[in-house]
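Visitor: I'd like a close look at one part of this model, the place where nonpolar side chains come together. Could you walk me through it and what surrounds it?

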Amino acid sequence: MKSMSRKELEKHLGDVKKALQAARARDHRNAKKAAAKAAAEFGFSLGEISETETAKPKKAKAKTTRKPSKPVYANPENTAQTWTGKGRQPNWFRAQVANGTPPDAMRIAN
């Protein structure tokens with residue numbers, strides 16, 4: 001193969017691809033025949049077996065939308081900055097706590 005030209009190698013590649021497709025189709029036919037024969041031994045057709053209850057399409061789950069959480073804490077310096085108290089603490093919250101502000105002082109009154 002090392003002495004073959006690129007064109008010769010590409011021709012062989014095309015021939016191999018065609019042969020693989022033919023072999024796959026042949027194997028598919030043989031598998032289908034074997035499955036039909038096995039189903040017939042139990043008194044079923046291949047169509048009846050493929051239409052079993054387990055093959056029913058699954059129902060799609062209804063998508064539910066979650067409401068966003070209400071803010072629990074507000075930045076005393078800028079009340080537009082809020083935090084729900086869930087997840088990672090925002091920088092302004094950590095800075096306020098580091099400066100000595102208790103978290104309860106930043107809590108929004110409901």
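Guide: Happily! In this predicted model, the largest nonpolar core is made up of five residues: Tyr-73, Trp-83, Trp-92, Phe-93 and Met-106. This fits a broader pattern: in soluble globular proteins, nonpolar side chains tend to be buried together.

Take Met-106 as a starting point. Setting aside neighbours within four places in sequence, Met-106 is in contact with nine residues' worth of surroundings that include Tyr-73, Trp-92 and Phe-93, along with Val-72, Ala-74, Pro-76, Gln-96, Val-97 and Thr-101.

Now turn to helix H3, residues 91–98, which has the highest mean pLDDT among the chain's elements, 95. Its residues Trp-92, Phe-93 and Gln-96 are buried. Viewed down the axis of H3, the buried residues fall within an arc of 100°, so they line one face of the helix. That face packs against E1 and E2, while Asn-91 and Ala-98, on the other side of H3, are exposed. Just after the helix, Gly-100 adopts a positive phi of about 105°.

A polar neighbour is worth a look too. Asn-75 sits in the loop between strand E1 (73–74) and strand E2 (82–83). With a relative accessible area of 5%, Asn-75 is buried, because that value is under 20%. Leaving out neighbours within four places in sequence, Asn-75 is in contact with Gln-81, Trp-92 and Gln-96. Trp-92 thus belongs to the core and also touches this loop residue.

As for confidence, the chain has a mean pLDDT of 89, and 92% of its residues reach 70 or more.

Note on methods: Residues are numbered from 1 along each chain as its sequence is written. This is a predicted model: local features need pLDDT of at least 70, side-chain atom pairs count only at pLDDT 80 or more; totals for chains, interfaces and linings use all residues. Side-chain values use heavy atoms; hydrogens and water are left out. Helices (H or I, at least four residues) and strands (E, at least two) are DSSP runs, numbered from the N terminus. Buried means under 20% relative accessible area, exposed over 50%, partly exposed in between (1.4 Å probe, protein chains only). Contact means heavy atoms within 4.5 Å. pLDDT is the predictor's confidence in each residue, from 0 to 100. A nonpolar core is a set of buried Ala, Val, Leu, Ile, Met, Phe, Trp, Tyr and Cys residues joined through side-chain atoms within 4.5 Å. The arc is that of the directions from the helix axis to the C-beta atoms.
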